[in-house]
Amino acid sequence: MDWQAFSKQLTDQLGKPIHINTAHSVAGGDIHQAYHLHTNLGNLFLKLNQPSLLALFETEAHNLNAISQSNSIRCPKLFGFGVSENSAWLLMEHLALTTKGDDFQRGRDLALMHHQIHNASQPFGWFEDNYIGHTIQKNQWHFNWVDFYGKQRLQPQLELAQLRGANAAMFELGQQLIEALPFWFKKYSPKASLLHGDLWGGNSGFAMDDASKKTSEAVVFDPACYYGDRETDIAMTELFGGFSQQFYAGYNDVFPLDTDYPKRKPLYNLYHVINHFNLFGGAYEQQAIQIMQSLLQQSRT
């Protein structure tokens, strides 16, 4: 990257003088290159990828803006996105993060985001398809949550798994499960909440104040937003760990979960398990099959 030329492009595009003093490569996950930029505007975080993947950055920018505008839980401030030389880019503030902080307050902050829009008039979905990892996440609007979850979440992942060479049993069990979905919603009618959408421990932390090095508020990043059942966010926090019991206590202090949430948790995490098979293969196939078998057995008893 020609940092001087990139500085000029940023200045022109964002309408404010930006000068990049130094740029250091940092760990940026499995998908993108990432850089910590020292600039006249402070420390910034830059993601780079091939130009054909600009849509990943555009949708992420929209998601960050949605969370920021909720005024509930902190996320990195967005500066912009675009294409420079041979790279698509996304620029945001750089935050010094730690895994240790006030987990009770993090739970409260997430509950506030979920509670902000929570009514029957809001349909389930999003104004555009976005990405879960680098898998396209379908978001066509639905007023019926069962229809949305079956058609926009499970079905696309199952069809992609077929293309990835999954065992035929995964697809067959998945179709049976989609037919059985109403079983888990006999006494529960979720309303739409703004969701992070990809809320595992690696996509959240606590910001550290640059001067005091003390932790401040909780932060979420790398979202895959849509309007859906808030239980899906909570379920994913339990899939890979990283959130303490204080987090759930804080969440329930603001917005208590339905008592039958534990019965739906594996149903919601199935989406992410199948997606992990589609992204990484391996043992996620058998894990998905076992979850579906268990859920179907539950629905028949």
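In this predicted model, a good place to begin is a single pair of residues, since H38 has N43, in strand β3, as its bridge partner. That pair belongs to a longer ladder, for strand β2, which covers residues 33-39, and strand β3, which covers residues 42-49, are paired in the antiparallel sense over seven bridges. The two strands are joined by a hairpin, and the connection between them passes through two residues. H38 also has a partner on the side of strand β1, where T22 is matched with H38 of β2, and here β1 and β2 run antiparallel and are joined by six bridges.

From these pairs we can step back to the whole sheet, which is open, has five strands with antiparallel pairing, and follows the order β1-β2-β3-β5-β4. Its edges are formed by β1, residues 20-26, and β4, residues 78-84, each of which pairs on one side only. From one strand to the next, the twist averages 25 degrees.

Two helices should be viewed together with this sheet. Helix α1, made of residues 3-14, packs on the sheet and touches β1, β2, β3, β4 and β5, the last of these being residues 87-93, and the direction of α1 makes about 120 degrees with that of β4. Helix α2, residues 54-69, lies across β3, β4 and β5, and runs at about 170 degrees to β4.

Within the sheet, one residue of strand β2 deserves a closer look, namely L37. Is L37 buried or exposed? Its relative accessible area is 0%, and because residues under 20% count as buried, L37 belongs to the buried group. The strand around it is mostly covered as well, with five of the seven residues of β2 buried. Across the ladder, L37 stands opposite L44 in β3. Which residues does L37 touch, once its neighbours within four places in sequence are left aside? The contacts are with W3, I20, T22, A23, G42, N43, L44, L46 and L91. One of these, W3, is 34 residues away from L37 in sequence, while the C-alpha atoms of the two are 9.9 Å apart in space.

The next topic is the interior. In soluble globular proteins, nonpolar side chains tend to be buried together. In this model the largest nonpolar core has 66 residues, and those with the most contacts inside it are L154, M170 and L177. Helix α8, residues 261-280, provides the largest share of this core, with eight residues. A second core, separate from that one, has twelve residues and includes Y35, L37, L46 and F79. To see the surroundings of one residue in the largest core, one can follow M170, which touches L158, A161, I274, F277, E285, A288, I289 and M292 when residues up to four places away in sequence are not counted.

Covered positions can be followed in other elements too. H114 has its place in helix α3, which spans residues 103-116, and with a relative accessible area of 0% this residue is buried. Not counting residues up to four places away in sequence, H114 touches S193, L194, L195, R230, D233, Y251 and F255. Strand β10, residues 204-208, is mostly covered, since four of its five residues are buried. This strand pairs in the antiparallel sense with strand β6, residues 97-98, over two bridges, and T98 stands opposite F206 of β10.

Finally, the protein can be considered as a whole, with its nine helices and twelve strands. Its radius of gyration is 20 Å, close to the 19 Å that the globule rule gives for 301 residues, and therefore the protein is as compact as a globular protein of that length. Along the principal axes, the C-alpha trace spans about 65 × 45 × 35 Å. Buried residues make up 50% of the 301 residues, and the accessible surface comes to about 13,900 Å², of which 49% belongs to carbon and sulfur atoms. Among the contacts with a separation of 6 or more, 66% are accounted for by residues 24 or more positions apart.

Terms used
Residues are numbered from 1 along each chain as its sequence is written. This is a predicted model: local features need pLDDT of at least 70, side-chain atom pairs count only at pLDDT 80 or more; totals for chains, interfaces and linings use all residues. Side-chain values use heavy atoms; hydrogens and water are left out. Two strands pair if DSSP finds at least two bridges between them. Axes are lines fitted to C-alpha atoms, for helices over the stretch in contact, and angles run from 0 to 180 degrees between N-to-C directions. Contact means heavy atoms within 4.5 Å. A nonpolar core is a set of buried Ala, Val, Leu, Ile, Met, Phe, Trp, Tyr and Cys residues joined through side-chain atoms within 4.5 Å. Buried means under 20% relative accessible area, exposed over 50%, partly exposed in between (1.4 Å probe, protein chains only). The radius of gyration is taken over C-alpha atoms; the globule rule is 2.2 Å times the number of residues to the power 0.38. Accessible areas come from the Shrake-Rupley method with a 1.4 Å probe; for residues, only the protein chains shown count as cover.
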